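Please look over the structure shown here before reading on. The report below is written for a reader who meets it for the very first time.

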Amino acid sequence: MMETPTIQAPQTSSFNMLKAMVVIGVLCALLIVLTFEGTLPRIQQLRAEALEKAVFKVLPGTVSIQAFHYGEEQGFVEINAKDQSPDLVYAGYDQQGTLIGMAVEASGQGYADVLGILYGYSPENETIVGFHVLESKETPGLGDKIEKDPDFLSNFNGLDVSLKDNYKELKNMIVPVKHGTKTQPWEVDGITGATISSRAIGNIMGASTRYWVPLLYSHQQDFKLTED
Amino acid sequence: MKDLHSPNSNKGFLASLAEGPSTDEFIKGLWRDNPVFVQVLGMCPVLAVSNTAENALAMGLATAFVLLMSNLLVSSLRNFIPKQVRIACYILIIATFVTITDYAIQAISVDLHKSLGAFISLIVVNCLILSRAEAFASKNTLGKSMLDALGMGAGFIFALFCLGAVREILGNGTLFGLSLLPGNFEEWIVMILPAGGFFTLAVWLLLFNVVNQRKSET
């Protein structure tokens, strides 16, 4: 770099610099906006598809789904799944339109980053019937076993979340335990080599089910399909 | 593009150093000046995203695309950008194409975007791209800059693929998800962890240098 002052006229030079940066800035902004607008519908569609696929996965036997929004007073109300809102629950129905269960999203801190999961709840059996990891940046080969390990995933087939007689609380909260020490139907058996990730899943499930399961159970009527 | 030996107008002395047949602008990136194996540039994505061949290829393509587009813009605007604010302008241009690539990958596949993760946004700080903009595109004609970007991009893809393929085969027993090794093969988990990236890169660098040394001796 030459540090010696140049003989350029300073005004023109500053103006040129400004002009160059503004022109490039505007050009770049335009390019980004065009790409964003161009790809947005496709991105939203892909995300919705991924979530929908996951809902069918965590509620075995489902042929149609419907999104519901929860509010303190009105309970669960049918809404369009495209409206993004936090308290969303997806209900799955079979061929005859009878309710199979509800799929709930939950998230919490994993080992690397926030873990996003989806689980299916069956009010009829009062158990968790399915589980799927939506978002995870866990270590490849170790922590990401929470998505693949068949022993771990079998935890969520019939995980007990039955309610106390007042229907307000769970009899037993879901808890993670060390690998090989699962004795109760509400315990989540961990994974050796993915201790933190699998424990995180157990804890996220525990916190989320404690809030959602009593609500879902007591508002079961809201999910009955209205005659078309 | 026949008058390749003429020095490049009033812009920079590096341009005159870069004289040569036009194919050389392309070929040099593949081997002689390979961005990874010779210049050792852009190590962050090279080590982090080369855990499978598919990720490596996707990352290489994304970087090559950004490199090509930013070289194109930098080269065509090279007489318009004042020297004092050139780096800011280059970064602006590079960041724009990285953002575009990010959206494009999201629109192509959610899974791919998930596996590349934060490394797409980090293409912005890949020194390979800024170095090509600063050292080459800002001093050369559009045609030459495009050839340079294509060559460097191809060299980067090639290098990432070399790492990704080895790591996936040893660490997972597969290539592009297809089983290659016998079922009783015990996977070397370390190869798909970050440490494996360093091991693989070291071996490739060794091979590259041995070959180059042999060549210069003969």
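What follows describes a predicted model, taking the sheet of chain A, the helices of chain B and the contact between the chains in turn.

## The sheet of chain A

Chain A holds an open sheet of seven strands, which are arranged in the order S2-S1-S3-S4-S5-S6-S7 and paired in antiparallel fashion. At the edges lie S2 and strand S7 (159-160) of chain A, each of which pairs on one side only. Strands of a sheet pair, in general, through backbone hydrogen bonds, and the pairing can be either parallel or antiparallel.

Towards one edge, strand S1 (residues 64-71) of chain A runs antiparallel to strand S2 (residues 75-79) of chain A, and the two are joined by five bridges. S1(A) and S2(A) make up a hairpin, with three residues lying between them. Within this pairing, A:Tyr70 has A:Phe76 in S2(A) as its bridge partner. At the other edge, strand S6 (residues 127-135) of chain A and S7(A) are antiparallel and are joined by two bridges, and here A:Thr127 stands opposite A:Asp160 in S7(A).

## A helix packed on the sheet

Helix H4 (residues 195-218) of chain A packs on this sheet, where it touches S1, strand S4 (99-109) and strand S5 (114-122) of chain A, and the direction of the helix makes about 135° with that of S4(A).

One residue of helix H4 of chain A is A:Ser208. Is A:Ser208 buried, partly exposed or exposed? Because A:Ser208 has 19 C-beta neighbours inside 10 Å, while a buried residue needs 20 or more, A:Ser208 counts as partly exposed. Once the neighbours within four places in sequence are left aside, A:Ser208 is in contact with A:Val104 and A:Ala106. The C-alpha atom of A:Ser208 is also separated by 8.4 Å from that of A:Ser107, although these two residues are 101 residues apart along the chain.

## The helices of chain B

Chain B contains 10 helices and two strands, and reading along its sequence gives the pattern α-α-α-α-α-α-α-α-β-β-α-α. Of the 218 residues in chain B, 39% are buried. Among the contacts in chain B with a separation of 6 or more, 74% are between residues 24 or more positions apart.

One helix pair of chain B can be followed in detail. The axes of helix H4 (residues 53-76) of chain B and helix H5 (residues 86-108) of chain B come within 9 Å and cross at roughly 140°, which means that H4(B) is oblique to H5(B). The crossing of H4(B) past H5(B) is right-handed. Among the residues that make this contact are B:Phe65, B:Met69 and B:Leu73 of H4(B), together with B:Ile94, B:Phe97 and B:Thr101 of H5(B). Sorted by class, the contact of H4(B) with H5(B) comprises 12 nonpolar and two polar residues, with no charged ones.

## Where the two chains meet

The contact between the chains draws 22 residues from chain B and 21 residues from chain A. On the side of chain B that touches chain A, the elements giving two or more residues are H5 and helix H9 (189-192) of chain B.

Which element gives the largest share of the side of chain B that touches chain A? That share, 11 residues, comes from H5(B), a helix that is also in contact with H4(B). By class, the residues on the side of chain B that touches chain A are 16 nonpolar and six polar, with no charged residues.

Definitions and conventions. Residues are numbered from 1 along each chain as its sequence is written. Chains are lettered from A and ligands numbered from 1 in the order in which they are written. This is a predicted model: local features need pLDDT of at least 70, side-chain atom pairs count only at pLDDT 80 or more; totals for chains, interfaces and linings use all residues. Helices (H or I, at least four residues) and strands (E, at least two) are DSSP runs, numbered from the N terminus. A residue is buried if 20 or more other C-beta atoms lie within 10 Å of its own, exposed if 12 or fewer, and partly exposed in between; C-beta atoms are placed from the backbone. Two residues are in contact if their C-beta atoms, placed from the backbone, lie within 7 Å. Two strands pair if DSSP finds at least two bridges between them. Axes are lines fitted to C-alpha atoms, for helices over the stretch in contact, and angles run from 0 to 180 degrees between N-to-C directions. Angles under 35 degrees count as roughly parallel, over 145 as roughly antiparallel, 65 to 115 as roughly perpendicular and the rest as oblique. A crossing is left-handed if the near helix is turned anticlockwise from the far one by less than a right angle, and right-handed if clockwise. Ala, Val, Leu, Ile, Met, Phe, Trp, Tyr, Cys and Pro count as nonpolar, Asp, Glu, Lys and Arg as charged, and the others, Gly among them, as polar.
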